[in-house]
Amino acid sequence: MEGFAIPPLCILSLLVFSILITSYAVDTITTTKSLADGETIVSSGGIFELGFFSPGNSTNRYVGIWYKKIPNTTVVWVANRETPLFDKAGVLKLTSPGILVLVNGTNDTIWYTKTSRSAQDPVAQLFDSGNMVVRNSDDEKKAENFLWQSFDYPGNTLLPGMKLGKNFLTGQEWYISSWKSDDDPGQGAFTYVLDTHGYPQIFLRNGATDLYGLGPWNGLKFSGVQNPAPISRFYYDVSFNYDLNTEVVYYTYEVSNSSVVSRSVLSHEGYMTFWASFDQTRSWLAIGSVPKARCARYASCGSYGICNKNNSPECGCWVKFMPKNPKEWKLHDWSNGCVRETPLSFQQEGGEDGFVMYSGVKLPDTRNSSFDRRMSLEECRRTCLGNCSCTAYANLDIREAGSGCLLWFGDLIDIKEFIEGGGQDIYVRMASSESVNVAGKDLLSFDLGTSIGANNTTMTEASKIQNSRKKEVDLPRFNFASVSAATDNFSDANKLGEGGFGPVYKVRFTVGVEHRTDDHFFNLACYFAIVFADPIKHGILNWELRLKIIEGIAQGLLYLHEYSRLRIIHRDLKASNILLDKDMNPKISDFGMARIFAGNGSQATKRIVGTYGYMSPEYGLKGLFSVKSDVFSFGVLFLEILSGKRNTAFHDSDSLDLLGYAWDLWKNDRGLDLKDPILEDMSSTNMLLRYINIGLLCVQESAADRPTMSIVVSMLSNELVLLPSPKQPAFSSDRSVLDQTSHKRPQICSKNDVTISILEAR
């Protein structure tokens with residue numbers, strides 16, 4: 001119609017509609033909109049981009065997905081990885097049934113997707129997760145509505161949300177495969193796969209050869225993964241998921257912090273590397289890589305051999321086992337592994353078997369295994385004992401008190417010993433003469449390197465972690481006669497003092513145990529009674545020395561909780577139970593209240609023992625104790641060492657105790673005021689605040705909020721670990737509580753410079 005003018009409001013509406021259409025089309029390909037070489041689509045949040053690219057020095061063209069904002073193109077998925085284009089004439093199209101097709105300049109099909117369904121109005125859309133999907137335009141963006149998705153066909157990169165596993169109904173497998181080279185994204189020799197034989201586990205392989213195994217899933221992680229694994233702020237934002245049922249098994253992970261991007265890449269050299277990028281740099285940080293050492297390699301020490309990267313040589317035999325071929329072993333040929341020192345009893349007429357528990361290990365290869373989620377650990381033991389082919393058992397799930405049953409049949413292989421944290425318990429079948437039943441016993445004796453309580457006929461030594469298998473992680477036992485001889489029949493000359501359960505004696509073994517010298521030990525509590533009262537001596541405890549003491553105590557508790565064959569809860573950790581040798585190395589002493597502990601949850605007791613001021617609230621009020629009870633006591637001790645003040649002798653007009661005082665300062669951004677004035681010249685105030693943060697995390701009122709000692713050690717040893725904010729610690733608001741419950745007694749320092757704990761308010 002000539003002369004007709006479109007109203008301004010209509011023009012505005014058309015413009016808005018046009019903008020909406022353009023916006024919608026940015027991340028999609030439709031049946032009417034193809035993608036030519038030189039064009040790209042970008043996910044709605046601008047995170048990922050899809051288009052044509054040439055890898056490395058190659059001139060071949062591929063359709064791929066890469067990060068949009070991070071410099072130096074990082075490709076995470078390739079469509080036509082086996083069929084490259086040789087020029088820039090390629091076009092990516094979407095056909096009406098919902099099939100993506102890549103064609104060359106002569107319209108020949110180079111690559112296409114498959115689907116068992118069709119869509120009336122299909123679209124191909126790139127998500128911010130990096131997943132390219134084909135769906136009907138009217139359907140919700142749910143996986144069950146996808147006709148096809150790139151996440152089902154991974155390349156060399158595992159992204160958050162991608163599955164690693166198998167669909168038992170369709171037979172489809174999700175696995176990672178390396179590129180052939182930096183210039184060729186075709187499938188290379190290496191794969192990263194979730195093996196479904198026996199109880200599923202992840203392997204890194206070169207062809208059919210296993211290079212590295214993560215071990216079985218234990219409810220929290222794969223047992224072969226370091227704990228915490230690996231140490232980085234990145235892992236505080238990551239949740240790991242594992243699903244196993246009759247239809248499917250898969251592993252995946254998610255990252256909760258939207259400012260952090262991550263990927264796991266299998267290189268063409270055969271290394272699986274975990275990468276993260278943060279807002280500050282947008283460059284990639286390598287979090288960890290496997291395999292990187294002999295102990296990471298599959299079955300590096302043979303059957304029943306155990307690998308420890310801190311040992312020299314790294315391979316050794318489990319306690320109660322010996323090299324199968326000693327000559328080869330001396331030549332560092334460990335392929336034949338180890339055998340039992342005593343054959344299993346069922347191989348002998350009338351014999352019986354038992355089990356020995358080994359702690360802190362990566363569980364063996366589970367391809368010859370079976371599992372049952374409903375069994376208790378005791379039912380698991382009986383089942384294994386009743387089957388002559390069963391060689392070991394463990395909890396399937398280690399969360400809370402543990403549940404489920406995992407059984408091994410045949411030789412045990414691919415075992416690793418953890419030192420820094422991680423691993424779990426396994427019960428290995430042994431002849432009855434070699435097996436030990438440790439359930440339900442109190443630990444009434446302790447480290448012979450400090451002192452020993454002579455009120456029981458069986459003594460144990462809590463061995464320290466060593467760099468040689470000559471000092472086994474097992475706990476050797478001593479009968480009453482040997483201890484009597486070592487103390488000269490408990491003579492007064494060897495008496496160190498009185499503990500909560502009786503006299504404590506110095507011992508010296510000359511046969512079968514490293515010779516003990518008459519080194520003097522200083523009690524840490526004496527420094528609070530003596531050193532802090534003397535301005536000259538006060539300066540002895542400088543910042544470096546305090547850190548040494550704190551870290552030493554932390555390592556000692558970590559050993560008791562995770563590395564000892566018997567998991568031990570001390571229950572009375574305090575300054576007077578920490579001994580310092582001439583080099584100021586701390587030793588945890590007085591295990592008179594200690595308990596052997598099974599599982600990861602808590603236990604209850606009607607008999608509450610301990611010392612006021614160091615006792616966790618759940619233990620003092622309800623009689624519940626766990627490893628977190630010791631963590632609380634460690635936190636109190638931690639803050640005492642930093643501040644130079646005793647929690648049980650703290651006097652402040654506004655706060656009941658040291659914990660309340662520390663919390664008041666912290667929440668008012670005055671944390672530095674907690675430090676001991678003698679540390680005025682310390683160079684790093686940020687480090688002090690970090691340590692105060694860790695101390696407050698340990699004394700939080702809820703046991704569930706407190707970190708484990710393995711996490712504490714990681715926080716202390718690595719500044720990259722991001723610390724959460726602490727919650728309010730456990731302290732009372734009524735000073736009269738202290739007056740009513742704390743019966744103060746004078747601190748005693750013996751002539752041998754050793755203080756033995758006194759039973760206080762127990």
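Cysteine 301 is a good place to start: in this predicted model, the residue is buried, with a relative accessible area of just 2%. Its partner is cysteine 315, and the two sulfur atoms sit 1.9 Å apart in a disulfide. Cysteine 315 is buried as well, at 3%. The torsion about this S-S bond is -85°, which gives a left-handed link. Cysteine 301 comes from the loop between strand E24 (284-290) and strand E25 (305-307), while cysteine 315 belongs to strand E26 (residues 315-317), so the bond ties together parts that are 14 residues apart in sequence.

That bond is one of 5 disulfides in the structure. Strand E26 also supplies cysteine 317 to another of them, with cysteine 338 of strand E28 (residues 338-340) at the other end, so here the parts tied together are 21 residues apart in sequence. The sulfur atoms of cysteine 317 and cysteine 338 are 2.1 Å apart. Their link is left-handed, with -85° about the S-S bond, and both cysteines are buried.

What is the handedness of the disulfide between cysteine 380 and cysteine 405? The torsion about its S-S bond is about 70°, so this one is right-handed. The sulfur atoms of cysteine 380 and cysteine 405 lie 2.1 Å apart. Cysteine 380 sits in helix H3 (residues 377-385) and cysteine 405 in strand E32 (residues 405-409), so a helix and a strand are tied together across 25 residues of sequence. Cysteine 380 counts as buried at 0% relative accessibility, and cysteine 405 is buried too, at 1%. Two further cysteines can be placed by their accessibility. Cysteine 388 is partly exposed, at 47%, whereas cysteine 698 is buried, at 0%.

Next come the strands. Strand E34 (residues 424-431) is mostly covered, with 8 of its 8 residues buried. Strand E29 (residues 353-362) runs antiparallel to E34, and 7 bridges join the two. Across from tyrosine 358 stands isoleucine 426 of E34. E34 also pairs with strand E31 (residues 390-394), again in the antiparallel sense, over 2 bridges. In that pairing, alanine 392 has valine 428 of E34 as its bridge partner.

Isoleucine 426 turns up again in the nonpolar packing. The largest nonpolar core has 86 residues, and Met132, Trp318 and Ile426 are the members that touch the most others. Strand E21 (residues 248-255) gives the most to this core, with 4 residues. Around methionine 132, leaving aside residues up to four places away in sequence, the contacts include Ile29, Ile41, Leu50, Ile65 and Leu100. Ala124, Leu126 and Trp148 are also among the residues that methionine 132 touches, as are Gln125, Gln149 and Ser150. Apart from the core of 86 residues lies another, of 59 residues, with Leu545, Ile553, Ile588 and Val631 among its members.

Helices come into view with H7 and H9. Two packed helices are described by the angle between their axes and the distance between the axes. How do the axes of helix H7 (residues 543-563) and helix H9 (residues 627-643) cross? They come within 11 Å and cross at roughly 175°, and that makes H7 roughly antiparallel to H9. On the H7 side, the contact is made by Trp543, Arg546, Ile549, Ile550, Ile553, Ala554, Leu557 and His561. From H9, the contact residues are Val627, Asp630, Phe634, Leu637, Phe638, Ile641 and Leu642. Ile553, one of the H7 contact residues, is also among the members of the core of 59 residues.

Finally, a few spots in the backbone deserve a look. Most residues other than glycine have a negative phi, and most peptide bonds are trans. The peptide bond from valine 290 to proline 291, however, is cis, with omega near -15°. Proline 291 lies in the loop between E24 and E25, and cysteine 301 comes from that loop too. Asparagine 107 is not a glycine, yet has a positive phi of about 70°. Asparagine 107 is found in the loop between strand E8 (100-103) and strand E9 (109-112). Aspartate 669 likewise has a positive phi, of about 60°, without being a glycine. The loop holding aspartate 669 runs between helix H10 (658-667) and helix H11 (685-698). Is aspartate 669 buried or exposed? Its relative accessible area is 72%, so aspartate 669 counts as exposed.

Note on methods:
Residues are numbered from 1 along each chain as its sequence is written. This is a predicted model: local features need pLDDT of at least 70, side-chain atom pairs count only at pLDDT 80 or more; totals for chains, interfaces and linings use all residues. Side-chain values use heavy atoms; hydrogens and water are left out. A disulfide is a pair of cysteine sulfur atoms within 2.5 Å. Buried means under 20% relative accessible area, exposed over 50%, partly exposed in between (1.4 Å probe, protein chains only). Two strands pair if DSSP finds at least two bridges between them. A nonpolar core is a set of buried Ala, Val, Leu, Ile, Met, Phe, Trp, Tyr and Cys residues joined through side-chain atoms within 4.5 Å. Contact means heavy atoms within 4.5 Å. Axes are lines fitted to C-alpha atoms, for helices over the stretch in contact, and angles run from 0 to 180 degrees between N-to-C directions. Angles under 35 degrees count as roughly parallel, over 145 as roughly antiparallel, 65 to 115 as roughly perpendicular and the rest as oblique.
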